[in-house]
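Biologist: I am new to this structure and would like to see how its descriptions are justified. Please show it, and then I will ask about the terms.

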Amino acid sequence: MKPTDDSRRDFLRATAAAGLGAALAHLGADDAQASPMYAPAPGPLAAPPVEKVRIGFVGVGGMGMVHVGNLLAIPGAEIRAVCDVVEEKVAKAQEQVVKAGFAKPAGYSRGPRDFERMCQEEELDLVYTATPWEWHVPVLVAAMKAGKHAATEVPAAYTVDDCWLLVETAEKLGKHCVMMENCNYGRSELLMLNMVRKGLFGELLHGEAGYLHDLREIKFSAEGEGLWRRAHATRRNGNLYPTHGLGPIAQCMDVNRGDRFDFVVSMSSNSRGLRLYAEEHLDASDPRRRETFKLGDVNVSLVRTVNGRTIYLAHNCDDPRPYSRINTLQGTRGIFSGYPDRVHIEGRSPKHQWEALDRYYAEFEHPLWKDDEVKGSTSGHGGMDFLEDRRLIECLRAGVPTDMNVYDAVALSVMCPLTERSVANRSRPQDVPDFTRGRWKTNPPLGIIGE
Ligand SMILES: NC(=O)c1ccc[n+]([C@@H]2O[C@H](COP(=O)([O-])OP(=O)(O)OC[C@H]3O[C@@H](n4cnc5c(N)ncnc54)[C@H](O)[C@@H]3O)[C@@H](O)[C@H]2O)c1
């Protein structure tokens, strides 16, 4: 049975016990139109301040250890427990915490659901997960049900049901459920946001985003993501990893804070890259040579927002190509584009020509990136991972809303199942649920923090 099914059943049992079962009966259907029927709580946007953020970390593989390293350098954060299905990984993480001068965190490695025991036994304020995708929702729900705030790597969830489950659990229990979208904290992405806020691009019309990353070698590796990521490509066809590209564009377009995603259409190319790679790189006797893949190499989607903006969203991890998240924003007064970073601003740039972005940092650097500690951070994608971890801890300690909240987590993540549905139905439009239930109209835009 899929772990998501378990967590869903547990949640329904718990809500039924609280007299909410009937109201939540609709959750059995994976339906984009489904919306909660019980009166929503005010929303898990702020919680009482926590002086010292005691953390339990689940999944200390590649990305988990980047977060652990960051957290050890952030004032007010303390890693109290570590969980992984591989005992040696727990030991390695414990050793790193001790080396940094903290007490040895408790270790949990008694199988794939041992995070539940961790959530029950440990006094924690925050549970992080950097596990394979299928475990994000079970960990987040277990954490919130045990009274902890929760944070996850991307995507937060990949079914519509699970997106609602996260929203409803966070609202009902008043807990933060944050998706760690590090690209929202990239230096050029935050510069772009600052320039948008200062009106340089005029009214925003259109964005282009993607996750274009040749992961063939990683997907066939005998460790790390090779153990789980390729399996998704055998059974799913759509955009499996939309949040890195879409996050910064949504942030600039005030998604959930004045605008929201309305509908999406999606189309996938043939599936070739993984099969070809296996044929050319694996022994004939290797069982992976017999795997078949459903995931089209190139998936392209178009998203329209309620306010009429358009977004092109792409995914390709299975063919030879240089890395790109595209990161393009077109407004009535100019355009920003990534890979390589450049801008054209009417009245400032030479007519019809791009300008290199470099010259704009002096004037428009985002205040969060003026910090030497962020600029000097070498761990995790050039400083943006450190900044996202530090911001989360700072917000929890201050008792203020986190930059990204549960609504942002699911608005971005729900593109996984909706693109899959559109692909499976001759690219028919799929409505994006309003997870905020109308609050997107009045939620204030994300401020330029630090100004
Ligand atoms: N934000 C980024 O830039 C970025 C980069 C890489 C990966 N990621 C995301 O991070 C997550 C992890 O990816 P990764 O590259 O670190 O993968 P990984 O395979 O290196 O790490 C996953 C870890 O989780 C452990 N694990 C698996 N099931 C578990 C369970 N039930 N309980 C506890 N531990 C479990 C594994 O043993 C492993 O140590 C994924 O969601 C991925 O999409 C994000």
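Modeller: This is a predicted model. One place to start is Gly147, which takes a positive phi of about 90° just after α5.

Biologist: What makes helix α5 largely enclosed by the rest of the structure?

Modeller: Helix α5 covers residues 136-145, and nine of its ten residues are buried, so the rest of the structure largely encloses it. Buried here means under 20% relative accessible area. The residues of α5 that meet this are His136, Val137, Pro138, Val139, Leu140, Val141, Ala142, Ala143 and Met144. In the protein as a whole, buried residues make up 57% of the 451 residues.

Biologist: Which strands form the open sheet, and in what order?

Modeller: Six strands form it, in the order β3-β2-β1-β4-β5-β6, and their pairing is parallel. β3 (106-108) and β6 (177-179) each have a single partner strand, so they stand at the edges and one side of each lacks a neighbour in the sheet. From one strand to the next, the twist averages 25°.

Biologist: Where does α5 sit relative to that sheet?

Modeller: Helix α5 packs on the sheet and touches β1 (53-58), β4 (126-129), β5 (149-152) and β6. The direction of α5 makes about 165° with that of β5. Angles over 145 degrees count as roughly antiparallel, so α5 and β5 run roughly antiparallel.

Biologist: How do you know that β2 and β3 are paired?

Modeller: Two strands pair if there are at least two bridges between them. Strand β2 (residues 77-83) and β3 have three bridges, in the parallel sense, so the condition is met. As an example, Ala81 has Ala106 in β3 as its bridge partner.

Biologist: Why are α2 and α14 called oblique to each other?

Modeller: The axes of helix α2 (residues 62-72) and helix α14 (residues 384-398) cross at roughly 60°. Roughly parallel requires an angle under 35 degrees, and roughly perpendicular runs from 65 to 115. The angle fits neither class, so the two helices are oblique. Their crossing is right-handed.

Biologist: Which residues of α2 and α14 meet?

Modeller: The axes come within 9 Å. From α2, Met63, Val66, His67, Asn70 and Leu71 meet Asp385, Phe386, Glu388, Asp389 and Ile393 of α14.

Biologist: How many helices and strands are there in the protein?

Modeller: The protein has 16 helices and 15 strands. Among contacts between residues at least 6 apart in sequence, 73% join residues at least 24 apart.

Methods
Residues numbered from 1 in each chain as written. Predicted model: local features only at pLDDT ≥ 70, side-chain atom pairs only at ≥ 80, totals over all residues. Heavy atoms only, no water. Helix = DSSP H or I, 4+ residues; strand = E, 2+ residues; numbered from the N terminus. Buried < 20%, exposed > 50% of the residue type's maximum accessible area, 1.4 Å probe, protein only. Contact = heavy atoms within 4.5 Å. Axes fitted to C-alpha atoms, helices over the stretch in contact; angles between N-to-C directions. Left-handed = near helix turned anticlockwise from the far one by under 90°.
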